[in-house]
Amino acid sequence: MPNIGDVGDVIEGGVTGALSEFWDELYQIILSDLYKTAYEGCQKSFDGLFDSLNTHVSEAAVSLNQTPESWNASAYGVVSSLSRTAFLPVAAVFLAVVFAWEMVQIVQNTNQSMQQFKPDNIVFPLIKLAMCLLACSHAFEIIMLFFKIGQMVTHKITGTIVGNFGEGLDFTNIVQPELERYELGDVMAVVGYSAMLLLAKFATWIIGIFIYIRVIFWFLEIYVMSCAAPVPYAMWTNKEWQQVSVNYTRKMLSTMFQGPLMLMLYAIYGGVLTGLPLGSDFIGSLGMIIGSAFALGTMLFRTSSIADSIFGAH
């Protein structure tokens, strides 16, 4: 006959195993629900990571396709009026001084060479004076023509910008939605990812603000520099001062092309973001995403020096 003690041990072992299995299954169910709940929140945060950045980039793209007049008609009117009422008289004074200086030099050169002063000696300076007067009186309109040249490039680039950043990023490729066996550490990891995504979302919001500020700064720079346009063009008639007009023209061309360069950066960032080699390492993947976003914000403030290098402005 079987030993009663052995039977008791078998029954006790079976009950213990059944209870252990029951508690393990219950533990897995609880962890599974916690994991899936945390995962859904984490995935929602990841999907909305670029909402603020997309909004600011879209607004920036719309602004960069506008003219200085349509961007802010009131400021444009003030700048246009100041160019004619404040800076054009100053340009006239500079032009008169430069013309008088040139006439003095012509007389001095004629006296030194012991030649008779001829009417031909004054014809060319008068032609230059007339051309400079025409350029100074329409200097503001000339600068706006530079803007239209840059805007032609802007319209071409606009079509290449990605509709929404982050469209090709799939959170399920980075973090698995389900596990074969759940551990408490897995749940805590997803909760930690949610906290990281909140910080990342704040970072993308800050970058979006930088983009907005950069566009405003660009338009203000155009207003200020175009307002003073008559003054450098008044220097065009004199050889010693002619470089001022040349440098100003280069600088204005550089400024007008900063808008297309900013749009080009948006398009490049969209391509970079889509092609990021994201893996199962969440922290590394998030670091690449946020790092590329900060690189975009940094490069936006480098467009000025890049455009200066292209046109040789300083």
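Here are a few friendly notes on the salt bridges, the cavity and a surface patch in this structure.

1. A word on the model before the details: what you have in front of you is predicted, and each value below is computed from that model.

2. Let's start with charge pairs. Searching the whole structure turns up 2 salt bridges. They are R84 with E141 and K251 with D308, and each pair gets its own point below.

3. In the R84–E141 bridge, the closest N and O atoms are 2.1 Å apart. R84 belongs to helix α4 (residues 73–112) and E141 to helix α6 (residues 139–158), so this contact ties together parts that lie 57 residues apart in sequence. As for exposure, R84 has a relative accessible area of 36% and is partly exposed. E141 is also partly exposed, at 30% relative accessibility.

4. For K251 and D308, the closest N and O atoms are 3.0 Å apart. Here too, distant parts of the chain are linked: K251 sits in helix α9 (residues 242–256) and D308 in helix α12 (residues 303–311), 57 residues apart. Are these two partners buried or exposed? K251 is buried, because its relative accessible area is 16% and the cut-off for buried is under 20%. D308 has a relative accessible area of 14%, so this residue is buried as well.

5. Next, the interior. The count comes to 1 cavity of 30 Å³ or more, and the largest cavity holds about 30 Å³ of space. Its lining consists of S83, R84, L88, C136, S137, H138, A139, F140, E141 and P230. You will recognise R84 and E141 in that list; they are the partners of the salt bridge in point 3.

6. Which helices supply at least two residues each to that lining? They are α4, α5 (120–137) and α6. Sorted by class, the lining has 5 nonpolar, 3 polar and 2 charged residues. For the charged class, look again at R84 and E141, both listed among the lining residues.

7. Finally, have a look at the outside. W23, L26, I30 and L34 make a nonpolar surface patch of about 390 Å². One of these residues, L26, is found in helix α1 (residues 4–47). L26 counts as partly exposed because its relative accessibility is 31%, and a residue needs over 30% relative accessible area to be part of a patch.

Notes: Residues are numbered from 1 along each chain as its sequence is written. This is a predicted model: local features need pLDDT of at least 70, side-chain atom pairs count only at pLDDT 80 or more; totals for chains, interfaces and linings use all residues. Side-chain values use heavy atoms; hydrogens and water are left out. Patches are made of residues with over 30% relative accessible area and no salt bridge: like charges are joined within 9 Å, nonpolar side chains (Val, Leu, Ile, Met, Phe, Trp, Tyr) within 5 Å. Accessible areas come from the Shrake-Rupley method with a 1.4 Å probe; for residues, only the protein chains shown count as cover. A salt bridge is a side-chain nitrogen of Lys or Arg within 4 Å of a carboxyl oxygen of Asp or Glu. Helices (H or I, at least four residues) and strands (E, at least two) are DSSP runs, numbered from the N terminus. Buried means under 20% relative accessible area, exposed over 50%, partly exposed in between (1.4 Å probe, protein chains only). On a 1 Å grid over the protein atoms alone, a cavity is a set of points where a 1.4 Å probe fits but cannot get out, and a pocket is an open set with protein on both sides within 12 Å along at least five of seven lines; lining residues have an atom within 4 Å of a point. Grid points are joined across faces, edges and corners, and a volume is the space filled by probe spheres set on the points. Ala, Val, Leu, Ile, Met, Phe, Trp, Tyr, Cys and Pro count as nonpolar, Asp, Glu, Lys and Arg as charged, and the others, Gly among them, as polar.
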